[in-house]
Amino acid sequence: MYDVKSLKAEEFISDEEVLETLRYADEHKNDRKLIDEILEKARPKKTGRGVECAGLSHREASVLLACEDPEVIEKVYALAREIKEAFYGDRIVMFAPLYLSNYCVNKCVYCPYHYQNKDIPRKKLTQDEVRDEVIALQDMGHKRLAIEAGEDPVNNPIEYILDCIKTIYSIKHKNGAIRRVNVNIAATTVENYRKLREAGIGTYILFQETYHKESYEVLHPAGPKHNYAYHTEAMDRAMEGGIDDVGLGVLFGLDKYRYEFAALLMHAEHLEAVHGVGPHTISVPRLRRASDIDLDSFDNGIDDDTFAKIVACIRIAVPYTGMIISTRESEACREKVIGLGVSQISGGSRTSVGGYAGYTPDERPHDTEQFDVSDQRSLDEVVKWLMDLGYIPSFCTACYREGRTGDRFMALCKVGQIQNCCHPNALMTLQEYLTDYASPETKAVGEALIAREIQNVPDEKRRARAIEYLDEIKNDGKRDFRF
Ligand code: SAM
């Protein structure tokens with residue numbers, strides 16, 4: 001029985017409701033009147049509180065996703081761009097993953113970390129190695145990390161993860177600092193989520209992999225991750241533990257994408273209904289080739305066009321959520337989906353344990369790698385590429401450090417203060433990057449962009465102050481200004 005407010009996985013992700021949604025979407029996918037109404041409902045509207053978007057229900061969004069009419073798809077893309085522009089402007093937040101340990105007791109059949117894989121050397125960073133990795137990441141210019149680890153209560157207990165977080169935040173190398181650590185570790189207890197919150201994490205990220213319970217159980221045949229309910233209810237426990245920024249995601253390629261899409265939105269609706277705040281981010285990873293993983297044994301892969309449509313429909317349905325794409329995707333694919341709704345991307349990523357320190361930008365260790373990285377460019381190249389495409393790479397971490405998490409972050413989005421807040425913050429953190437880490441070409445492009453874009457801060461006083469801060473970053477060596 002479907003109940004959005006239930007705390008039971010099988011009730012808030014009711015299989016029956018997902019199947020009914022897919023039937024409804026098939027029945028209505030050519031109903032142009034209904035589709036126009038859905039698009040109209042989702043369109044950004046000016047209200048007394050600024051620009052607001054209503055979002056869409058999982059049923060409405062599933063109709064858009066099912067529609068194959070090229071004219072409608074163009075309208076969906078145009079609306080996704082409009083919504084993205086309203087809330088995220090041209091800013092793209094940068095981050096990098098940091099792999100701590102590939103020890104794992106699970107048997108996920110798509111993941112090379114599964115415990116039966118004897119081809120992959122097992123490695124866990126010592127605190128000294130974490131330090132080296134963080135210095136290498138700071139020297140690239142990163143300020144925001146997503147830490148990743150397999151699940152292993154003996155080798156990677158929560159105490160180990162907490163020690164790593166402490167080490168990461170403690171390192172101040174030259175002008176570097178990691179200002180936000182997001183955490184992607186296996187589902188855990190309320191008590192452990194509380195500890196993560198106390199350690200000052202940003203977002204707790206956990207991919208559902210698949211919402212389809214039967215497939216889930218086949219894909220996770222052994223280990224603690226086998227438990228579908230425990231995994232699916234993790235975000236409720238995280239929120240109970242006081243973490244109010246949580247990140248959802250599906251690993252596309254495991255099961256049917258339309259099923260995953262509807263269930264993902266049902267999960268977002270559940271968090272909003274129960275906790276009053278939706279997902280802070282949604283990630284859209286796609287399955288990649290990896291050690292001991294035969295991609296041919298998975299037959300639910302999606303092509304780039306379908307992938308782009310999914311991104312656009314998520315952007316329309318959950319307008320305030322950040323959307324994340326990793327270097328699993330190629331440069332061309334990233335370019336397409338950034339335009340349609342993605343707001344955060346990784347750059348210069350290594351998916352191996354200890355993949356940053358001691359390697360030049362062209363060298364990459366493959367032995368402990370989690371999956372093949374498709375976009376292999378350096379952070380500097382990605383930053384310049386984004387600017388050449390008309391985007392503003394941002395290293396901003398201000399919201400979380402100013403306590404604007406959960407519904408307070410959503411409120412900022414809704415009142416339209418973004419242009420006076422996020423926009424100058426993005427430009428100031430970009431200036432830090434240009435001054436401390438960029439190549440001369442990137443720096444030249446970036447400084448011209450900042451000079452232009454700073455004029456678009458609407459509030460006169462705020463603009464004047466931001467110009468002063470930019471000057472202090474460039475000429476007085478000052479860092480870490482934020483609104
Ligand atoms: N161990 C944690 C857990 O169980 O949730 C998370 C860490 S794992 C390093 C991060 C994510 O990588 C997984 O949630 C999964 O979606 C993704 N992943 C695993 N194998 C993959 C593959 N072959 N291609 C792409 N992504 C993969």
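**Exercise 1. Is Asp299 buried or exposed?**

Before we start: this is a predicted model, where local features need pLDDT of at least 70, side-chain atom pairs count only at pLDDT 80 or more, and totals for chains, interfaces and linings use all residues. Residues are numbered from 1 along each chain as its sequence is written, and side-chain values use heavy atoms, with hydrogens and water left out.

*Solution.*
- Step 1: get the cut-offs. Buried means under 20% relative accessible area, exposed means over 50%, and partly exposed is in between (1.4 Å probe, protein chains only).
- Step 2: look up the value. Asp299 has 69% relative accessibility, so it counts as exposed.
- Step 3: place the residue. Asp299 sits in the loop between strand E8 (281-283) and helix H13. Helices (H or I, at least four residues) and strands (E, at least two) are DSSP runs, numbered from the N terminus.
- Step 4: check a partner. Asp255 is 44 residues away along the chain, and its C-alpha atom is 8.2 Å from that of Asp299.

**Exercise 2. Work out how enclosed helices H4 and H15 are.**

*Solution.*
- Step 1: take H4 (residues 58-66). Eight of its nine residues are buried, so H4 is largely enclosed by the rest of the structure.
- Step 2: name them. The buried ones are His58, Glu60, Ala61, Ser62, Val63, Leu64, Leu65 and Ala66.
- Step 3: find the cover. It includes helices H2 (15-28), H3 (32-42), H5 (70-88), H12 (257-275) and H13 (304-317).
- Step 4: do likewise for H15 (residues 379-388). Here seven of the 10 residues are buried, so this helix too is largely enclosed by the rest of the structure. They are Leu379, Asp380, Val382, Val383, Trp385, Leu386 and Met387.
- Step 5: look just past the end of H15. Gly390 takes a positive phi of about 100 degrees there.

**Exercise 3. Find the residues that touch the most others in the largest nonpolar core, then follow one of them.**

*Solution.*
- Step 1: define the core. It's a set of buried Ala, Val, Leu, Ile, Met, Phe, Trp, Tyr and Cys residues joined through side-chain atoms within 4.5 Å.
- Step 2: pick them out. The largest core has 157 residues, and Leu98, Leu196, Tyr204 and Ile345 touch the most other members.
- Step 3: follow Ile345. Contact means heavy atoms within 4.5 Å. Skipping neighbours within four places in sequence, the contacts of Ile345 include Ile92, Val93, Met94, Phe95, Val382, Trp385 and Leu386.
- Step 4: visit Trp385 again. The charged end of Arg377 sits over its ring, 4.1 Å from the centre. (The rule: NZ of Lys or CZ of Arg within 6 Å of the ring centre and within 35 degrees of the ring normal.)

**Exercise 4. How many aromatic pairs are there?**

*Solution.*
- Step 1: learn the rule. Rings of Phe, Tyr and Trp (its six-membered ring) pair if their centres lie within 6.5 Å; planes under 30 degrees apart count as stacked, over 60 as edge-to-face and the rest as tilted.
- Step 2: count. The total is eight aromatic pairs.
- Step 3: try one. Tyr99 and Tyr113 are 6.4 Å apart centre to centre with 90 degrees between the planes, making the pair edge-to-face. Tyr99 is in strand E3 (residues 91-101) and Tyr113 in the loop between E3 and helix H6 (127-140), so the pair ties together parts 14 residues apart in sequence. Both Tyr99 and Tyr113 are buried.
- Step 4: try another. Tyr216 and Tyr228 are also edge-to-face, at 5.3 Å and 75 degrees. This pair links helix H9 (residues 213-219) to helix H10 (residues 228-232), 12 residues apart.
- Step 5: spot the cluster made up of Phe395, Tyr433 and Tyr437.

**Exercise 5. Describe the largest pocket and the largest cavity.**

*Solution.*
- Step 1: tell them apart. On a 1 Å grid over the protein atoms alone, a cavity is a set of points where a 1.4 Å probe fits but cannot get out, while a pocket is an open set with protein on both sides within 12 Å along at least five of seven lines; lining residues have an atom within 4 Å of a point. Grid points are joined across faces, edges and corners, and a volume is the space filled by probe spheres set on the points.
- Step 2: take the pocket. The largest has a volume of about 410 Å³. Its lining has 22 residues, with Glu272, Ala317, Val318, Pro319 and Tyr320 nearest the centre.
- Step 3: take the cavity. The largest has a volume of about 740 Å³. Of its 43 lining residues, Glu148, Asn184, Phe207, Arg328 and Gln370 are closest to the centre.
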